[in-house]
Amino acid sequence: MHRYITRACAAATAGIALAAVGVTGATDSDAAARAVPAVRVTGAGPSLAAASPGTQLWAARFDNAGNGGATATAASPNGKTVFVTGYTTAGSTEDYTTVAYDDATGAQLWAARYNDPGHTTDQAYSVAVSPDGTAVFVTGESLTTEGGEDYATVAYNAATGTQLWVARYNGPSNNGAAAEVAVSPDSKAVFVSGASLGTPTGEDYATVAYNAATGAQLWVKRYDGNGSGGNWAHSVAVSPGGSMVFVTGSSLGTNNGYDYATVAYNATTGAQLWVKRYNGASNGDRGANSVAVSGSTVFVTGSSLGTNNGYDYATV
């Protein structure tokens, strides 16, 4: 389990504070990027159509001198490329590592690392492809030279893996972690959300919008729930028309349990449109983990304590 989920779950069960974030700035390509090792492909199939359902088509392993772990995957709109992100070790630290594969054969097309300016620890948790298929966006958490943690969002050329820009969000208390990234239907904006330590509110949802072409920050909005901390955004989605952004996660309720808390924003301005909370049947939710949009309906799901003292799927 990566650090963001590990800490979020620990905080939800034991009330421990999760680190969070604040400030923004797009930077140039990472001059300190390290060489990336090759991939090993086994069992490649001749084509996706030739195999029967459920047949393994290929398996691709990304060889790394140390340890690592993939955390998220996304496919290109034309179905020809698969992008995988996570982290691999380089020396004593970890870097974002994003790999592109040919969808049909598993052949590696490119691999790119992001190593923060202080050469500390970076872990990517989410990857998204622009609907026009030209860019790939990766986000997660990145240590700072001062010892805190930022959101770090990186854009790559989808065809070549060339780094286009990096934008970091530091937050008011120099501590935060991005959980997920989403792209607007017109491919012009990128939305990142996660958890950021506020002052004095504790952990807040922090949602940041960027210009997809340049990485320039468009807006930042924070949601502090009941104002007592304990708010971790886990998922972000954009409406099909591109006018709204929805964020969901875990938010400490008035009964010291955790609620689902879903927030809607105007995608252009960041203005908060509404907030809805779901407390469940037994006041014992662990919070929402994912949000999706279909037309005019928003769907949220997560873990909720049922009447039999066990946790259920609860979808709202």
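With which side chain does the side chain of Ser 76 make a polar contact? The legends below describe close-up views of a predicted model, and the view of Ser 76 gives the reply.

**Figure 1. Overview of the predicted model, with its secondary structure and surface.** The protein contains one helix and 22 strands. Of its 316 residues, 50% count as buried. Among contacts with a separation of 6 or more, 55% are made by residues 24 or more positions apart. The accessible surface amounts to about 13,200 Å², and carbon and sulfur atoms account for 52% of that surface.

**Figure 2. Close-up of Ser 76 in the loop between β4 and β5.** The side chain of Ser 76 makes its polar contact with the side chain of Asn 78, at 2.7 Å. Ser 76 is classed as buried because its relative accessible area is 9%, under the 20% limit. Leaving aside residues up to four places away in sequence, Ser 76 touches Thr 81, Phe 83 and Val 129.

**Figure 3. Close-up of the largest pocket, which has a volume of about 290 Å³.** The lining of this pocket comprises 19 residues. Those nearest the centre of the pocket are Phe 62, Gly 69, Ala 70, Val 84 and Tyr 101. Two or more lining residues come from each of β3 (59-62), β4 (68-75), β5 (81-90) and β6 (93-102). Strand β5 gives the most, with six residues. By class, the lining holds nine nonpolar, nine polar and one charged residues.

**Figure 4. Close-up of the second largest pocket, with a volume of about 210 Å³.** Of the 13 residues that line this pocket, Ala 128, Val 181, Ala 182, Val 183 and Val 236 are the closest to its centre. Strands β8 (122-129), β12 (176-183) and β16 (231-238) each supply at least two residues of the lining. The largest share, four residues, comes from β12. The lining of the second largest pocket divides into eleven nonpolar, one polar and one charged residues.

**Figure 5. Close-up of Asn 231 in strand β16.** Asn 231 has a relative accessibility of 0% and therefore counts as buried. Two polar contacts of its side chain are shown. One joins the side chain of Asn 231 to that of Ser 251, at 2.5 Å. In the other, the side chain of Asn 231 reaches the backbone oxygen of Gly 229 at 3.3 Å. Residues up to four places away in sequence are not counted among the neighbours that Asn 231 touches, which are Ala 195, Glu 203, Asp 204, Tyr 205, Tyr 223, Asp 224, Gly 225, Ser 250, Ser 251 and Leu 252.

**Figure 6. Close-up of Asn 174, a residue other than glycine with a positive phi.** Asn 174 is located in the loop between β11 (163-169) and β12. Its phi is near 60°. Most residues other than glycine have a negative phi. With a relative accessibility of 22%, Asn 174 counts as partly exposed, because that class lies between 20% and 50%.

**Figure 7. Close-up of Ser 187 in the loop between β12 and β13 (189-198).** Ser 187 is not a glycine, yet has a positive phi of about 65°. Its relative accessibility is 13%, so Ser 187 counts as buried.

Note on methods: Residues are numbered from 1 along each chain as its sequence is written. This is a predicted model: local features need pLDDT of at least 70, side-chain atom pairs count only at pLDDT 80 or more; totals for chains, interfaces and linings use all residues. Side-chain values use heavy atoms; hydrogens and water are left out. On a 1 Å grid over the protein atoms alone, a cavity is a set of points where a 1.4 Å probe fits but cannot get out, and a pocket is an open set with protein on both sides within 12 Å along at least five of seven lines; lining residues have an atom within 4 Å of a point. Grid points are joined across faces, edges and corners, and a volume is the space filled by probe spheres set on the points. Ala, Val, Leu, Ile, Met, Phe, Trp, Tyr, Cys and Pro count as nonpolar, Asp, Glu, Lys and Arg as charged, and the others, Gly among them, as polar. Buried means under 20% relative accessible area, exposed over 50%, partly exposed in between (1.4 Å probe, protein chains only). Contact means heavy atoms within 4.5 Å. Accessible areas come from the Shrake-Rupley method with a 1.4 Å probe; for residues, only the protein chains shown count as cover. A polar contact is a pair of N or O atoms within 3.5 Å; within protein, one must be able to donate a hydrogen and the other to accept it, and residues adjacent in sequence count only if both atoms are side-chain atoms.
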